[in-house]
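Let's take a walk through this fold, one piece at a time. Keep the model open beside you as we go.

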Amino acid sequence: MEEAAAEGNPGSQELHFEPTGFTDLVIRTSDGYTLHVHKIVLGRGCTVWKDMLTTVPSGGEAVGVEESWEQLRPLILFLYPEGAQGAPAKQFADGWGSSG
């Protein structure tokens with residue numbers, strides 16, 4: 001169901017990564033996905049993100065990025081192998097609605 005919603009209206013697709021009560025960064029992808037993530041997780045997993053995130057205040061407005069969800073998905077799923085909270089099992093197995 002979520003996959004169909006993403007294809008029909010990607011702007012409403014929100015993914016929350018565990019532990020959700022402690023997310024301190026919202027990323028908005030170029031194709032409309034909103035990712036609720038943790039600066040420390042992104043910074044530990046990717047030195048480029050670590051350097052960029054030092055200037056982004058925690059809990060601020062969503063940070064827009066030029067990359068699409070398809071481009072960010074491998075990095076995000078590497079950092080969060082359990083995937084996003086509440087996503088259907090099929091999408092988890094398929095890599096979160098990968099195309100093709």
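**A walk from helix H4 to the core**

Start with Glu-70, which counts as partly exposed because its relative accessibility is 31%. Keep in mind that this is a predicted model. Glu-70 has a partner: Arg-73 forms a salt bridge with it, and the closest N and O atoms are 2.5 Å apart. That is the one salt bridge the structure holds. Both residues sit in helix H4, three residues apart, or about one turn of the helix. The spacing makes sense: an α-helix has 3.6 residues a turn, so residues three or four places apart point the same way. Arg-73 has a relative accessible area of 14%, so, with the limit for buried set at under 20%, Arg-73 is buried.

Arg-73 has company on the inside of H4. Trp-69, Leu-72, Ile-76, Leu-77 and Leu-79 are buried there too. Look down the axis of H4 and its buried residues fall within an arc of 140°, so they line one face of the helix. Turned away from that buried side is a face with the exposed residues Gln-71, Pro-74 and Phe-78. And what do the buried residues of H4 pack against? They meet S1, S3, helix H2 (39–45) and H3.

Two of those partners are strands, which brings us to the sheet. It is an open one, built from four strands in the order S1-S3-S2-S4, with mixed pairing. S1 and strand S4 (63–64) are the edge strands, each pairing on one side only. Further in, S2 and S3 run antiparallel and are joined by four bridges. If you want a spot to check the register, find Val-26, which stands opposite His-36 in S3.

Now for the hydrophobic side of things. The largest nonpolar core has 19 residues, and those touching the most other members are Phe-17, Ile-27, Leu-35, Val-37, Leu-42, Trp-49 and Ile-76. Strand S2 (25–28), strand S3 (34–37), helix H3 (47–53) and helix H4 (69–79) each supply at least two residues of this core. H4 gives the largest share, four residues.

Phe-17 deserves a closer look. Beyond its neighbours within four places in sequence, Phe-17 is in contact with a long list of residues, including Thr-23, Leu-35, Val-37, Trp-69, Ile-76, Tyr-80 and Ala-84. Tyr-80 is also a ring partner: there are two aromatic pairs in the count, and in this one the ring centres of Phe-17 and Tyr-80 are 4.7 Å apart with their planes at 35°, so the pair is tilted. Phe-17 lies in the loop between strand S1 (14–16) and S2, while Tyr-80 is in the loop between H4 and helix H5 (89–93), so the pair ties together parts that are 63 residues apart in sequence. Both Phe-17 and Tyr-80 are buried.

Our last stop is Leu-53, found in helix H3. Is Leu-53 buried or exposed? Its relative accessibility is 8%, so Leu-53 counts as buried. Apart from its neighbours within four places in sequence, Leu-53 is in contact with Leu-25, Lys-39, Leu-42 and Gly-43. Leu-42 is eleven residues from Leu-53 in sequence, and their C-alpha atoms are 8.6 Å apart in space. You have met Leu-42 already, among the core residues that touch the most other members.

Notes. Residues are numbered from 1 along each chain as its sequence is written. This is a predicted model: local features need pLDDT of at least 70, side-chain atom pairs count only at pLDDT 80 or more; totals for chains, interfaces and linings use all residues. Side-chain values use heavy atoms; hydrogens and water are left out. A nonpolar core is a set of buried Ala, Val, Leu, Ile, Met, Phe, Trp, Tyr and Cys residues joined through side-chain atoms within 4.5 Å. Buried means under 20% relative accessible area, exposed over 50%, partly exposed in between (1.4 Å probe, protein chains only). Contact means heavy atoms within 4.5 Å. Rings of Phe, Tyr and Trp (its six-membered ring) pair if their centres lie within 6.5 Å; planes under 30 degrees apart count as stacked, over 60 as edge-to-face and the rest as tilted. A salt bridge is a side-chain nitrogen of Lys or Arg within 4 Å of a carboxyl oxygen of Asp or Glu. Two strands pair if DSSP finds at least two bridges between them. The arc is that of the directions from the helix axis to the C-beta atoms.
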